[in-house]
Amino acid sequence: MVWLVNKKYSSLLLTEKVLNRKLSKREQELNAAINDYELVTKASNDLIWEYDIAKDELKWHYGYRELFGYEDDVIMTGAFWKMERIHPDDRKNAIEVFRKLVDGQKLTWKTEYRYVCNDGGYKYVSDRGYVIRNEHKEALRLLGAMQDIDQEKNYSNLLEAQNEKLKEIAWLNSHEIRRPLSNVAGLVPIIKSNLTDGTDLVQLIDLLETSVKELDEAVLKMNDQTNTSFK
C-alpha cells in the first residue's frame with residue numbers, strides 16, 4: 001500500500017516538474033519575444049505595451065514618455081478595458097475592437113485612435129500588435145506597438161476640409177453665379193428689341209443692374225471661400 005502511494009506521489013511530482021519546465025520555457029520564449037519586439041520597435045520609434053489578460057495588468061514599455069509624456073515601464077491594473085486615456089469619441093470603437101479580438105481567434109490587429117498626452121492634448125496613433133493564445137486558442141496576452149501618426153492624420157484632415165470647401169466653391173460656381181449670369185444674358189436681347197420704348201428700357205436696365213449686383217456678390221462670396229480654404 002505504501003509502495004503504491006509513493007509511486008503515485010512520485011508520478012505527480014514528475015508531472016509537476018514537466019509542467020513547470022514547460023511553463024518556464026514558454027515564459028522564457030515570451031520574454032525573449034518581448035525583448036526582440038522592443039528592439040525592433042525602438043529602431044522604428046514605436047511605443048511598446050503589453051496586456052496580461054488573466055492578471056488584468058497593462059504594462060507600458062519603452063517610448064511611453066517620449067510619445068505621451070508619461071513614465072516608461074509603468075504597470076496599470078484594471079485600466080485596460082476602461083481606456084480612459086483614449087479620446088471619448090474614439091473610446092467605444094477601440095473597446096469593441098479589442099473585445100472582438102480577445103473573444104475571437106485572430107492573431108493580429110491594427111486600429112487608429114486619439115490618445116491623451118500628459119499635457120492634456122491628443123495625438124493620433126496607429127496601434128497594431130499580436131495576440132498570444134494557448135493551445136485552446138484562448139487569448140493570454142496582447143503585445144502592441146503604437147506609432148505616432150498625428151502629423152499625417154492632421155494633414156489628411158486638413159486636405160479633407162479643403163476638399164469640402166472646394167465643393168462649396170464648385171456649387172457657388174454652378175448655381176450662385178450662373179443664375180444672375182443667365183439673367184443678364186437673357187436681358188440683353190430684350191433690351192436690344194425695346195430700344196424705342198423708354199419706359200420698358202428703364203425697367204429692363206433696373207433688372208440688369210440687379211443681376212449684375214447679384215453676380216458681383218456671388219463672385220465676392222466665392223473669393224472669400226477660396227481664401228478661407230487655403231489659409
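Hi everyone, let's start with the fold: this chain has five helices and six strands. Please keep in mind that we're looking at a predicted model. If you walk along the sequence, the elements come in the pattern α-β-β-α-β-α-β-β-β-α-α. The chain runs to 231 residues, and buried residues make up 30% of them.

Now for a pocket. I'd like to show you the second largest one, which has a volume of about 230 Å³. Its lining is made of 16 residues, and those closest to the pocket centre are Leu 58, Trp 60, Ala 79, Met 83 and Tyr 115. Which elements give two or more residues to this lining? Those are strand S2, residues 57-60, and strand S4, residues 108-116. As for the chemistry, the lining of the second largest pocket counts 12 nonpolar residues and four charged ones, with no polar residues.

Let me finish with a residue I enjoyed looking at, Asp 150. You'll find Asp 150 in helix H4, which covers residues 150-193. Asp 150 is buried, and yet it has no salt bridge. So where is the nearest side chain of opposite charge? That would be Lys 123, at 6.8 Å from Asp 150, whereas a salt bridge asks for a nitrogen within 4 Å of a carboxyl oxygen. What does the side chain of Asp 150 reach, then? It reaches the backbone nitrogen of Tyr 124, at a distance of 2.9 Å. To put the Asp 150 story together: a buried acid without a salt bridge, with its side chain reaching the backbone of Tyr 124.

Thanks for listening, everyone!

How values were computed. Residues are numbered from 1 along each chain as its sequence is written. This is a predicted model: local features need pLDDT of at least 70, side-chain atom pairs count only at pLDDT 80 or more; totals for chains, interfaces and linings use all residues. Side-chain values use heavy atoms; hydrogens and water are left out. On a 1 Å grid over the protein atoms alone, a cavity is a set of points where a 1.4 Å probe fits but cannot get out, and a pocket is an open set with protein on both sides within 12 Å along at least five of seven lines; lining residues have an atom within 4 Å of a point. Grid points are joined across faces, edges and corners, and a volume is the space filled by probe spheres set on the points. Helices (H or I, at least four residues) and strands (E, at least two) are DSSP runs, numbered from the N terminus. Ala, Val, Leu, Ile, Met, Phe, Trp, Tyr, Cys and Pro count as nonpolar, Asp, Glu, Lys and Arg as charged, and the others, Gly among them, as polar. Buried means under 20% relative accessible area, exposed over 50%, partly exposed in between (1.4 Å probe, protein chains only). Lys and Arg count as positive and Asp and Glu as negative; His and the chain ends are not counted. A polar contact is a pair of N or O atoms within 3.5 Å; within protein, one must be able to donate a hydrogen and the other to accept it, and residues adjacent in sequence count only if both atoms are side-chain atoms.
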